[in-house]
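Please walk through this protein with an eye to how its helices pack, where empty space is enclosed or left open, and which loops carry unusual backbone geometry.

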Amino acid sequence: MQKTLDLITIGRSSVDLYGSQVGGRLEDMRSFEKYIGGSPTNMAAGTAKLGVRSAVITRVGDEHMGRFIREELQSLGVDTRGVKTDPERLTALAILGIRDKEQFPLIFYRENCADMALCEEDIDPDFIAEARCVTVTGTHLSHPRTKAAVLKALRLARDSGAKTALDIDYRPNLWGLSGHGDGENRFIASEAVTQQLQETLSLFDLIVGTEEEFHIAGGTTVTLDALKAVRKVSGATLVCKRGPMGATAFTGAIPKSLDDGESGPGFPIEVFNVLGAGDGFMSGLLKGWLEDKDWVTALTYANACGAFAVSRHGCTPAYPSWEELQFFLQRGVKTPALRKDTELEQVHWSTNRHKAWPDVRIFAFDHRIQLERMCDELDVPRERIGAFKKLCLEATMQVSQGRDGYGILCDNRVGQDALHAAADKGLWIGRPVEFPASCPLAFEEELGPDCGGLKEWPQNHVVKVLCYCHPDDEVALRDQQEATLLKLAAAARNNRLDLLVELITSPVGPVDDQSAAKLINRLYEIGIYPDWWKLEPMKTDAVWRNACRAVEDHDPHCRGIVVLGLAADMEALGPALRIAAAHPLVKGFAVGRTIMNATALQWFGGEVDDATAVSQLTNNYQCLCTLWDEARSSALGGKEIAS
């Protein structure tokens, strides 16, 4: 069978709830960040980030946390065909904290959890045969049912010519050797555990562990003797992780010193969080091993990935993309606290995004002041605006038909019902923060003086800010607006939210072919890296060429640009969209009043009912989508664009 997968990992899968506060007891944590966890799950995600075709075999519950794990893995490119949904058991949880450089309190919530119900029936021989390597972790050797599943997978892997690897991953309390409050403990001697491990060590081509983990595998706390004991029952390459000393690979007989094996360079970084570092290390090691790199190179990858992990918050979110790893190895360490290295963190952020949006057709009905004025002029209660925005969402869904590449811009102040209803529709969702028409820029009250309101936003909401500005703005105005944007950009990044910056210039003053590019360059110069840009429907190719070049020169990983409408009618907007569509960085449009203005006047005025309004909005939105798709197809030489 053709090997369509490089790697299958097997075992634990959980949701990690990481304490957001650092430097205190777990008892004193006030809030938690939610990540995927469990060593095999972390390794599948970590290797996928590095370009490895990875899959995981595990079980999750039939509930929100199980769906979260599945969706996160899929967004990272991990094959989830082996993720079984357990109808009876809950997804495992782990609650973790960072107290100091030595203490990392950890509680496993794994009582009869889903992944510990993994059984032989969950191991599909055809699926195993697709993989070049099967990697397992020690925890699933601790129970007869899960051990049987692991052994079946290993036998099938070896029969199909696949490599096999073991991360010893010793957690004494998961072997029943200590209580629930002892999750941080990494070593308790146990002859029974040693015997269980040694029964399986001959099945592996690669065995990886810390010194303490080799102590349990070898049955002695003298590291060299432990390695020799493992060597007696296994011909695998043994990789011993030695903390600040790096790691060493032993391919043959165990020498007289740990320093006599093969090793890769370490990295002088600040240790912030050791939890999950071993899974990051293993991800880098597997990348090199599966590509048949020499051990120095494979260990270099591993040490670098481990360095990222110990310097950041969380496990899987800390691991690097392949682009980031290459950048780091070429540039080296500039700031020992990697999470405070601005240049590196931008590469990390921009190359580890989850969902790609190669094209977007956005119905922008985030308007507040325009619709409020319309209601006032028609003597209609402003409370009706929310109902109209739900009609806009209904029209969006009728056009999108559940396909990717469609989205909305909707506010929370008068459009909250529509915004909340869109949560599970698969749409790109943008949400404005600017107080309408403010210049200098000011924010909606819900954001708060420090942008703390972003803490309440769901992960899939894009922070959209509109700024009226011009390259010739007075210095005082420019400085004030830039300070406001900098505060917002920092808050968006701290809350792991995408940022869209919308620039409107032509109503402010005269513009030329360089106006947009000058503003874009300026924001990058002061340290603002938007994930998205929203620009006016500019009428010359030169303007778009200059704007796109400005973005690409500073941020080659920017998600893209969308075109706004400025209330232009469809006939006037068409030529501008056709010019913009010729530039690959322009991903689509975010247009509102062109689609909805006439219908809004009729609906608020009582001239049309809901069904008619939805029909009109649907037709207008579909016409604009068709116009864009045809323009893009023409720019691509007649090829259809994905949707």
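The paragraphs below take up helix packing, then the pocket and the cavity, and finally some details in loops.

The model is a predicted one, and local features are reported for it at a pLDDT of at least 70. Two packed helices are described by the angle between their axes and the distance between the axes, and three pairs of helices are taken up here in those terms.

Helix 9, which spans residues 295-310, packs against helix 10, residues 322-331, at an angle of about 100°, and the axes of the two are 11 Å apart. Since angles of 65 to 115 degrees count as roughly perpendicular, helix 9 and helix 10 are therefore roughly perpendicular to each other. On the side of helix 9 the contact is made by Thr300, Tyr301, Ala304, Cys305 and Phe308, which meet Trp322, Glu324, Leu325, Phe328 and Leu329 in helix 10. Sorted by class, the residues of this contact between helix 9 and helix 10 comprise eight nonpolar, one polar and one charged.

A second pair is formed by helix 13, residues 385-400, and helix 20, residues 610-635, whose axes come within 8 Å and cross at roughly 50°. That angle makes helix 13 oblique to helix 20, and the crossing in which helix 13 passes helix 20 is right-handed. Helix 13 contributes Phe388, Leu391, Cys392, Glu394, Ala395, Thr396, Gln398 and Val399, and these meet Asp610, Ala613, Val614, Leu617, Thr618, Tyr621, Gln622 and Cys625 of helix 20. The contact of helix 13 with helix 20 has 10 nonpolar residues, together with four polar and two charged residues.

In the third pair, helix 16 (residues 515-525) and helix 17 (residues 541-554) pack at an angle of about 15°, with 8 Å between their axes. Angles under 35 degrees count as roughly parallel, and helix 16 and helix 17 are therefore roughly parallel to each other. Helix 16 passes helix 17 in a crossing that is right-handed. The residues that come together are Ala516, Ala517, Ile520, Asn521 and Tyr524 from helix 16 and Asn546, Ala547, Ala550, Val551 and His554 from helix 17. Of the residues in this contact between helix 16 and helix 17, seven are nonpolar, three are polar and none is charged.

Helix 9 returns when one turns from packing to open space, because the largest share of the lining of the second largest pocket, five residues, comes from this helix. That second largest pocket has a volume of about 1,300 Å³, and its lining is made up of 47 residues, among which Gly243, Val274, Ala277, Gly278 and Val310 lie nearest the centre of the pocket. The elements that give two or more residues to this lining are strand 2 (14-22), helix 1 (39-49), strand 6 (92-98), strand 7 (106-109), helix 6 (211-218), helix 8 (277-290) and helix 9. By class, the lining of the second largest pocket holds 20 nonpolar, 12 polar and 15 charged residues.

What, by contrast, is enclosed? The structure holds one cavity of 30 Å³ or more, and the largest cavity contains about 30 Å³ of space. Arg368, Asp411, Asn412, Arg413, Arg431, Pro432, Glu444 and Glu446 line this largest cavity, and the lining divides into one nonpolar, one polar and six charged residues.

The remaining details are found in loops. In the loop between strand 16 (428-432) and strand 17 (461-468) lies Pro440, which is joined to Cys439 by a cis peptide bond with omega of about 10°. Ala437 is also found in the loop between strand 16 and strand 17, and its phi is near 65°, a positive value in a residue other than glycine.

Elsewhere, Leu203 is found in the loop between helix 5 (191-198) and strand 10 (206-210). With residues up to four places away in sequence not counted, Leu203 touches Leu151, Leu154, Arg158 and Thr164. Leu203 and Pro40 are 163 residues apart in sequence, and their C-alpha atoms are 18 Å apart in space.

Terms used: Residues numbered from 1 in each chain as written. Predicted model: local features only at pLDDT ≥ 70, side-chain atom pairs only at ≥ 80, totals over all residues. Heavy atoms only, no water. Axes fitted to C-alpha atoms, helices over the stretch in contact; angles between N-to-C directions. Helix = DSSP H or I, 4+ residues; strand = E, 2+ residues; numbered from the N terminus. Parallel < 35°, antiparallel > 145°, perpendicular 65-115°, else oblique. Left-handed = near helix turned anticlockwise from the far one by under 90°. Contact = heavy atoms within 4.5 Å. Nonpolar A, V, L, I, M, F, W, Y, C, P; charged D, E, K, R; others polar. 1 Å grid on protein atoms, 1.4 Å probe; cavity = no way out; pocket = protein on both sides within 12 Å on 5 of 7 lines; lining within 4 Å. Points joined across faces, edges and corners; volume = space filled by probe spheres on them.
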